[in-house]
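Here's a friendly tour for anyone meeting this structure for the first time. Take a look at the model, then read on.

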Amino acid sequence: MAKAGFWRSATPQRPELLRALILVAVCLPAAAQARDRVIAVTIPATTLDAALLTLARTSGVEIASTESGLRAVRSRPLRGTMTVAAALDTLLAGSGYRAIAFAHGGYRIVAAPRKRLPPPHPRAAPPPRAEAAPADIIVTASKQRVPLLRYPGSLTLIGKTTQANGSAAAISDLAAADPILQSTQLGAGRNKVFIRGIADSSFNGTTQSTASVYLDDVQLNASGPDPGLRLYDMQAIEVMEGPQGTLYGAGAIGGVLRLTSNAPVFDRVAAAAGGGVTATQGGAAGFDLSGMLNLPLLDERLALRGVAYGVRDGGYIDDPVRGRAVNRVDTIGGRVALRVQPGPGWRIDVSGAGQRIEAADGQYAETRDSYRRSSRLAQPYRNRFLFGRVVVSKDWDSGLRLVSATGVADYHTRELFDATPRGSSRPAIYTVDNDKLLLSQELRLSRSIPGGPSWLAGVTLVSDNSVLSRALGGPGNPMDIVGVTNVTRAASAFGETTLAVAPALSMTVGGRFTSARVDGEPSATRRPNAYIKGRSTQRIDPTLALSYRLAPDVALFARYQTGFRTGGLAVAQGIGRVANFAPDSIAVGEVGLRRLRSGTTGLGLSMSAATARWRGIQADLLNRRGQPFTTNLGDANIQTLEAAIDWVPVVGLSVAASALYTYNRVRGPVADQSREDNRRLPETPPFAGHAAVDYGWASGRPVEPRVGVTFDYIGRSVLGTGDLLDVSQGRYVTLGASAGLRWRRVDVTLGLDNVTNAAANRFAFGNPFGLAARNQVTPLRPRNARLGVSVAW
């Protein structure tokens with residue numbers, strides 16, 4: 001018996017964010033003969049994706065597609081006795097798609113050249129009820145279009161891109177509702193994100209990020225915090241857990257977050273607009289506005305899509321001298337994408353993004369009053385992010401695919417801290433400027449055949465320029481102090497192949513060779529000879545993984561992979577000094593089990609256990625005077641257990657839950673001088689959990705209501721390794737609730753976050769010059785409610 005299914009969002013209220021359909025059918029060894037067998041077919045009038053799904057299940061023949069738009073095409077009813085080929089011809093006639101037969105049996109559905117798609121069935125929004133879940137979801141982050149059930153590793157698909165109150169999230173906001181993600185909470189655009197406990201430091205500096213963030217095949221950041229891009233108009237978010245050295249190279253030692261935006265579509269004009277107002281108990285009001293427009297410009301060849309947004313997060317921290325709700329944050333941004341299809345199989349995507357974040361003050365308070373603090377000066381923050389990419393791809397009917405991805409990311413941040421000494425009458429400021437320019441080019445060739453072997457080979461070039469400048473002194477005339485410049489250039493060659501060792505067993509092997517060089521120099525220094533210049537690194541990172549299919553919808557997997565980060569130049573302890581820090585590396589082994597839900601109702605689950613050996617950990621730290629420095633902290637062993645379920649007991653009711661347990665211990669110069677209990681990695685609670693229950697009434701009514709509740713627990717974590725940084729944070733529970741209704745093309749939502757008004761500490765840091773007092777907290781936003789309205793056409 002064959003299984004097939006289609007990919008749909010974990011948030012059934014927003015299918016317009018998932019227009020890309022993926023059909024996968026797992027066939028029996030006799031599939032080549034099965035497609036020529038005459039079968040009885042009964043398929044009602046429906047959408048083309050659902051019709052093909054029914055045909056795959058009925059016939060036992062593999063049918064696969066990565067084309068977008070199938071869900072927008074209506075199919076005619078089909079009844080009778082015929083071959084699979086005849087049934088496909090009838091279903092696809094006039095649809096703008098055609099079927100290509102595989103030699104081993106089965107078909108791939110591709111767009112027919114120069115065919116206009118019929119107008120989509122008018123539909124403003126999806127029904128809130130559950131639909132059939134996929135039997136296999138394609139893992140695009142693997143760069144090989146591997147079905148999720150056959151992917152040999154831990155991977156999380158994040159379907160919900162909103163915060164608990166319904167406003168659009170940034171990546172660091174998702175950590176509150178997904179236990180595999182951890183994040184600092186210094187403020188929007190200042191947060192570092194970690195995956196599955198691979199956390200180096202709570203402070204921003206010159207080291208490479210442990211989690212690499214990609215937008216549509218192109219890397220967003222190499223070092224420092226996540227840019228804080230708001231997740232509007234997104235198609236999918238994939239989190240590949242564990243080091244991804246083979247496919248993604250240096251820096252991805254904790255994992256990869258791959259953001260896929262909604263691409264321009266050729267067959268229709270589409271638009272959407274939305275907005276909301278947020279009220280915070282004891283704080284200032286906020287608002288958000290967004291709009292999207294999709295325009296076909298040339299028949300089946302050229303389309304444009306743009307999105308713009310503006311957000312104000314009202315403040316909720318008071319300063320007795322400077323006023324109420326001082327920590328307001330304003331965000332404005334947008335993206336534009338152009339898609340060109342110059343010929344059969346060819347596709348060119350050109351896109352750009354820009355975002356600006358302005359924070360009026362720091363996001364922290366003092367423990368003696370959870371939502372109050374006293375400081376002589378405001379401590380504003382500014383973040384400006386620009387991004388561009390060009391991706392050229394070619395698909396052949398044989399499954400061969402060529403991709404060239406070129407990207408540029410320009411990132412500038414400016415922070416100001418109150419550095420006034422305690423008891424002094426003369427105010428002082430400390431400013432930190434970071435300028436980063438990341439250029440990347442990747443060329444890869446791959447071939448993927450559903451149910452068959454797949455392979456991938458490519459080369460990558462990366463140039464990352466990072467400049468850190470600092471100043472300290474009076475507000476009118478601060479003096480420059482030592483900073484550093486790092487220039488990293490790396491070239492890599494990589495390859496990976498997946499082979500079917502047995503009908504139910506596949507093996508993946510691969511490797512990446514990287515040659516990198518880092519050159520650095522002080523950007524401002526009084527001692528020009530107090531540094532080391534130049535470091536080269538050559539390294540091979542292997543991959544070995546297995547996937548064994550126990551049943552049509554159940555698989556076991558095992559994986560071993562390594563990763564590394566290049567070293568560089570950084571501010572050292574002392575005044576006016578810089579020093580070199582060495583590369584670090586990690587090796588991770590994991591085993592797990594995955595079961596996919598394959599019907600309108602049922603249970604899907606995943607679980608895994610992993611162990612990691614992290615050597616020479618790079619960490620950006622602060623000394624007791626609040627001055628930054630970078631060092632190789634030592635070594636750590638990390639063990640994790642994770643589990644997640646996706647359960648639909650009856651149509652309309654969905655239950656999701658996930659949890660992560662971690663244990664780690666650090667050994668090295670800093671840890672060995674501290675108490676045994678203080679030898680832990682930062683930001684990694686031993687246990688975190690999430691649960692959500694949603695119910696939507698059956699579709700077909702004039703008004704379709706829905707309700708939902710969420711529960712999140714974050715365990716205790718610490719600010720960093722060692723006695724100085726063993727400052728407690730976390731250990732809190734938050735509850736959320738939501739309600740909504742849909743009427744024609746209009747959707748109204750009401751979201752309530754932090755229902756119990758918990759005042760817990762998310763992050764025990766806000767100003768480096770007050771760290772030694774150990775009285776800083778970043779509190780949860782107080783109870784808040786958002787009323788939102790959106791319309792799509």
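Helix H2 covers residues 48-59 in this predicted model. From its first C-alpha to its last, the twelve residues of H2 reach 16 Å, close to the 16 Å expected at 1.5 Å a residue. Is H2 mostly enclosed or open to the outside? Nine of its twelve residues are buried, so H2 is largely enclosed by the rest of the structure. Among those buried are Leu-48, Leu-52, Leu-53 and Leu-55, but also Asp-49 and Ser-59. Right after H2 comes Gly-60, with a positive phi near 75°.

Now for the nonpolar cores. In soluble globular proteins, nonpolar side chains tend to be buried together. Here the largest nonpolar core has 40 residues, and Leu-181, Leu-220, Leu-257, Leu-259 and Phe-387 have the most contacts inside it. Another core, of 28 residues, lies apart from that one and includes Phe-629, Leu-681, Leu-719 and Phe-765.

Next, the empty spaces. The structure holds 13 cavities of 30 Å³ or more. The second largest has about 420 Å³ of space. Its lining has 31 residues, with Asn-204, Gly-205, Glu-415, Val-432 and Pro-628 nearest the centre. Strands E26 (400-418) and E28 (454-474) are among those giving at least two residues to this lining, while E27 gives the most, with four. Here's that lining by class:

| Class | Residues in the lining of the second largest cavity |
|---|---|
| Nonpolar | 16 residues |
| Polar | ten residues |
| Charged | five residues |

Terms used:
Residues numbered from 1 in each chain as written. Predicted model: local features only at pLDDT ≥ 70, side-chain atom pairs only at ≥ 80, totals over all residues. Heavy atoms only, no water. 1 Å grid on protein atoms, 1.4 Å probe; cavity = no way out; pocket = protein on both sides within 12 Å on 5 of 7 lines; lining within 4 Å. Points joined across faces, edges and corners; volume = space filled by probe spheres on them. Nonpolar A, V, L, I, M, F, W, Y, C, P; charged D, E, K, R; others polar. Core = buried A, V, L, I, M, F, W, Y, C linked by side-chain atoms within 4.5 Å. Buried < 20%, exposed > 50% of the residue type's maximum accessible area, 1.4 Å probe, protein only. Expected span 1.5 Å × (residues − 1).
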